[in-house]
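This report addresses packing and charge pairing in a single model. The structure is shown first, and the analysis follows.

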Amino acid sequence: MLKGLGQLGDIGKLMKQAQEMQGKVEEAQERLNTIEVEGQSGGGLVTARATAKGELTGLTISDDLFKPEEREVVEDLILAAIKDAQSRASDAAQAEMAKVTEGMELPPGMKMPF
């Protein structure tokens with residue numbers, strides 16, 4: 001009996017799992033394009049929409065903000081809404097990737113995709 005054949009089988013199993021994981025990661029990445037999140041600032045005066053990948057897809061600004069003397073406020077609110085949308089996109093992406101890695105024994109804090 002040759003020692004080590006059991007280990008070769010384990011390597012083959014590990015490779016198969018890695019391929020399955022890669023497929024699941026690719027599917028999850030595609031789903032991230034279809035998940036849309038919204039970020040708001042100024043009590044809803046500015047709303048930014050983005051995909052879970054963080055791509056900005058839309059921006060809505062209330063008519064109440066179109067006063068020339070409040071330009072800086074509007075710009076700050078826009079930035080805040082975009083940052084909120086990006087933060088929510090990151091959370092959505094992490095939640096989606098967590099579904100892929102559920103049940104796997106990954107080191108704590110390891111982020112996907114690799």
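## Packing and salt bridges

Setting aside neighbours within four places in sequence, V37 is in contact (heavy atoms within 4.5 Å) with A48, R49, A50, T51, A85, R88, A89 and A92. The model is a predicted one, in which local features need pLDDT of at least 70 and side-chain atom pairs count only at pLDDT 80 or more, while totals for chains, interfaces and linings use all residues. Residues are numbered from 1 along each chain as its sequence is written, and side-chain values use heavy atoms, with hydrogens and water left out.

V37 also belongs to the largest nonpolar core, which has 15 residues; V37, V46 and L65 are those with the most contacts inside it. A nonpolar core is here a set of buried Ala, Val, Leu, Ile, Met, Phe, Trp, Tyr and Cys residues joined through side-chain atoms within 4.5 Å. Buried denotes under 20% relative accessible area, exposed over 50%, and partly exposed in between, with a 1.4 Å probe and protein chains only. Two elements, strand 2 (46-51) and helix 2 (71-101), give two or more residues to this core. Helix 2 supplies the largest share, 8 residues. Helices (H or I, at least four residues) and strands (E, at least two) are DSSP runs numbered from the N terminus. Another core, of 5 residues, lies apart from the largest one and includes M21, V25, A28 and V100. In soluble globular proteins, nonpolar side chains tend to be buried together.

Strand 2 also holds T47. T47 is buried, with a relative accessible area of 9%. Beyond its neighbours within four places in sequence, T47 is in contact with E38, G39, Q40, G58, L59 and T60.

Helix 2 has 31 residues and reaches 45 Å from its first C-alpha to its last, close to the 45 Å expected at 1.5 Å a residue; the expected span is 1.5 Å times one less than the number of residues. The buried residues of helix 2 are V74, L77, I78, A81, A85, A89, A92, A93, E96, M97, V100 and T101. Just after helix 2, G103 takes a positive phi of about 90°.

How many salt bridges does a search of the whole structure find? There are 3, each defined by a side-chain nitrogen of Lys or Arg within 4 Å of a carboxyl oxygen of Asp or Glu.

| Salt bridge | N to O distance |
|---|---|
| E96 and R31 | 2.3 Å |
| D84 and R88 | 3.2 Å |
| E96 and K99 | 3.3 Å |

The pair of E96 and R31 links distant parts of the chain, with E96 in helix 2 and R31 in helix 1 (residues 5-32), 65 residues apart. E96 counts as buried at 6% relative accessibility, whereas R31 counts as partly exposed at 32%. E96 and K99 both lie in helix 2, 3 residues apart, about one turn of the helix. K99 counts as exposed at 54% relative accessibility. R31, E96 and K99 are thus linked in a network of salt bridges.

D84 and R88 are separated by about one helical turn because they are 4 residues apart in helix 2. D84 is partly exposed, with a relative accessible area of 21%, and R88 counts as partly exposed at 42% relative accessibility.
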